[in-house]
Amino acid sequence: MKLTTFIIDDDLVSQFATRYCIQQSHGDFDIVTCSSGEEGIQACFNSIEEQDRLPDIIFLDLVMDGMNGWDFLENLQNLFRKHELPSVYVLSAFTNSTDRTIAKRHGLIAGYVDKPLSRSYLEKILKEEEKKRTV
């Protein structure tokens, strides 16, 4: 089954590294990259319009200019509450214990990933996603 994955990160190097890791995995993906939270919300609207569903997985940076990751999550929950929400994995370049604590308690966040995304962590994510789809 093909998984639609959004990478929402304003750091182009991080975007590239995350995309490359996903492309090198054994999964089958459609990958959309967004350079801001605003672009990510627009991509979600486009996904609803084109496929009548949101992406399966979102890799989200928290620290971005304009709409940051926390604002993106709030908008995602408010604007798309009638749809099945994606699994969101926070990408972080910093070990911010406050963000980690908030992320662990946040109902929409499935995990917290240190940049760059590793192949082993991606495989763990894929196993979790597969379990959710077979239940």
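**Helix H1**

I began with the length of H1, one of the helices (DSSP runs of H or I of at least four residues, numbered from the N terminus): its twelve residues should span 16 Å at 1.5 Å a residue, and its end C-alpha atoms are 16 Å apart, which agrees. The expected span is 1.5 Å times one less than the number of residues. The model is a predicted one, in which local features need pLDDT of at least 70, side-chain atom pairs count only at pLDDT 80 or more, and totals for chains, interfaces and linings use all residues. Residues are numbered from 1 along each chain as its sequence is written, and side-chain values use heavy atoms, with hydrogens and water left out.

I then looked up burial in H1, taking buried as under 20% relative accessible area, exposed as over 50% and partly exposed as in between (1.4 Å probe, protein chains only). Ser14, Gln15, Thr18, Cys21 and Ile22 are the buried residues of H1. They cover an arc of only 135° around the axis, which puts them on the same side of H1; the arc is that of the directions from the helix axis to the C-beta atoms. Leu12, Val13 and Phe16 are exposed residues on the face of H1 turned away from the buried side.

Strands are DSSP runs of E of at least two residues, and what covers the buried residues of H1 includes E1, E2 (29–34), E3, E4 and helix H5 (119–134).

At the start of H1, I noted that a side-chain oxygen of aspartate 11 comes to within 3.0 Å of the backbone nitrogen of valine 13.

**Aromatic pairs**

I searched the whole structure for aromatic pairs and found three. Rings of Phe, Tyr and Trp (its six-membered ring) pair if their centres lie within 6.5 Å, and planes under 30 degrees apart count as stacked, over 60 as edge-to-face and the rest as tilted. Phenylalanine 16 and tyrosine 20 form a stacked pair, at 6.2 Å centre to centre and 15° between the planes. Both lie in H1 (residues 12–23), four residues apart, about one turn of the helix. Phenylalanine 16 counts as exposed at 58% relative accessibility, whereas tyrosine 20 is partly exposed at 45%.

The rings of phenylalanine 59 and tyrosine 89 have centres 5.9 Å apart and planes at 35°, so I entered this pair as tilted. The pair links distant parts of the chain, with phenylalanine 59 in E3 (residues 57–61) and tyrosine 89 in E4 (residues 87–92), 30 residues apart. Both residues are buried.

Key: Contact = heavy atoms within 4.5 Å. Polar contact = N/O pair within 3.5 Å; in protein donor to acceptor, adjacent residues only side chain to side chain.
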